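User: Could you take a close look at a single loop position in this chain, and then set that position in the context of the rest of the model? A connected account would suit me better than a list.

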Amino acid sequence: THNSNARTERFNALAVEALEPMGVIINDLYTPISKNIERYICDDRIHMTPEGVEYSAKLVAGKIKEALGN
């Protein structure tokens with residue numbers, strides 16, 4: 001069984017609450033991907049589409065550049 005969006009959002013909030021005080025850099029991929037599920041997530045509701053993979057890779061690369069001060 002898959003998690004509901006509400007459950008995922010709650011887990012994410014708890015993770016941020018626990019990790020940010022430790023200085024962990026948070027890269028929220030859920031929020032931007034969830035804005036267009038049909039575009040970025042396959043029909044199986046688990047895996048990303050090729051476009052979703054590309055989009056999330058750009059988000060990750062952007063966060064890495066930000067952390068490096070670029």
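Analyst:

**Threonine 49 and its surroundings**

Threonine 49 sits in the loop that joins α3 (37-40) to α4 (50-68). The model is a predicted one, and the values discussed here are to be read with that in mind. With a relative accessible area of 14%, threonine 49 falls under the 20% cut-off and is therefore classed as buried. Once its neighbours within four places in sequence are set aside, threonine 49 is in contact with Arg39, Tyr40, Ile41 and Cys42.

The same loop can be followed through a second position. Arginine 45 also belongs to the loop between α3 and α4, but its relative accessible area of 48% makes it partly exposed, whereas threonine 49 is buried. The backbone of arginine 45 deserves a note, since its phi is near 65°, a positive value in a residue other than glycine. Most residues other than glycine have a negative phi.

On the other side of threonine 49 comes the helix α4, residues 50-68. For its 19 residues, a rise of 1.5 Å a residue leads to an expected span of 27 Å, and the end C-alpha atoms are indeed 27 Å apart, so expectation and model agree. Glycine 69 follows α4 and has a positive phi, near 80°. As for confidence, α4 has the highest mean pLDDT among the elements of the chain, at 96, while helix α1 (residues 5-19) has the lowest, at 92. Over the chain the average pLDDT is 92, and 96% of the residues score at least 70.

Widening the view, the chain contains four helices and zero strands, which run α-α-α-α from the N terminus on. Its C-alpha atoms fill a box of roughly 35 × 25 × 15 Å along the principal axes. Of the 70 residues in the chain, 13% are buried, and threonine 49 is one of the buried residues. Among contacts with a separation of 6 or more, 30% are between residues 24 or more positions apart.

Another loop offers a useful counterpart. Isoleucine 26 lies between α1 and α2, and its relative accessibility of 24% places it in the partly exposed class, because that class begins at 20%. Apart from neighbours within four places in sequence, isoleucine 26 is in contact with Val16, Leu19, Glu20 and Lys63. The C-alpha atom of isoleucine 26 is 15 Å from that of alanine 57, a residue 31 positions away along the chain.

Isoleucine 26 also appears in the lining of the second largest pocket, together with Glu9, Asn12, Ala13, Ala15, Val16, Asn27, Asp28, Leu29, Tyr30 and Thr31. This pocket has a volume of about 160 Å³. Helices α1 and α2 (30-34) each supply at least two of the lining residues, with α1 giving the most, five residues. By character, the lining residues divide into six nonpolar, three polar and two charged. Val16 is thus worth marking in the display, because it is both in contact with isoleucine 26 and part of the pocket lining.

Note on methods. Residues numbered from 1 in each chain as written. Predicted model: local features only at pLDDT ≥ 70, side-chain atom pairs only at ≥ 80, totals over all residues. Heavy atoms only, no water. Buried < 20%, exposed > 50% of the residue type's maximum accessible area, 1.4 Å probe, protein only. Contact = heavy atoms within 4.5 Å. Expected span 1.5 Å × (residues − 1). pLDDT = per-residue confidence, 0-100. 1 Å grid on protein atoms, 1.4 Å probe; cavity = no way out; pocket = protein on both sides within 12 Å on 5 of 7 lines; lining within 4 Å. Points joined across faces, edges and corners; volume = space filled by probe spheres on them. Nonpolar A, V, L, I, M, F, W, Y, C, P; charged D, E, K, R; others polar.
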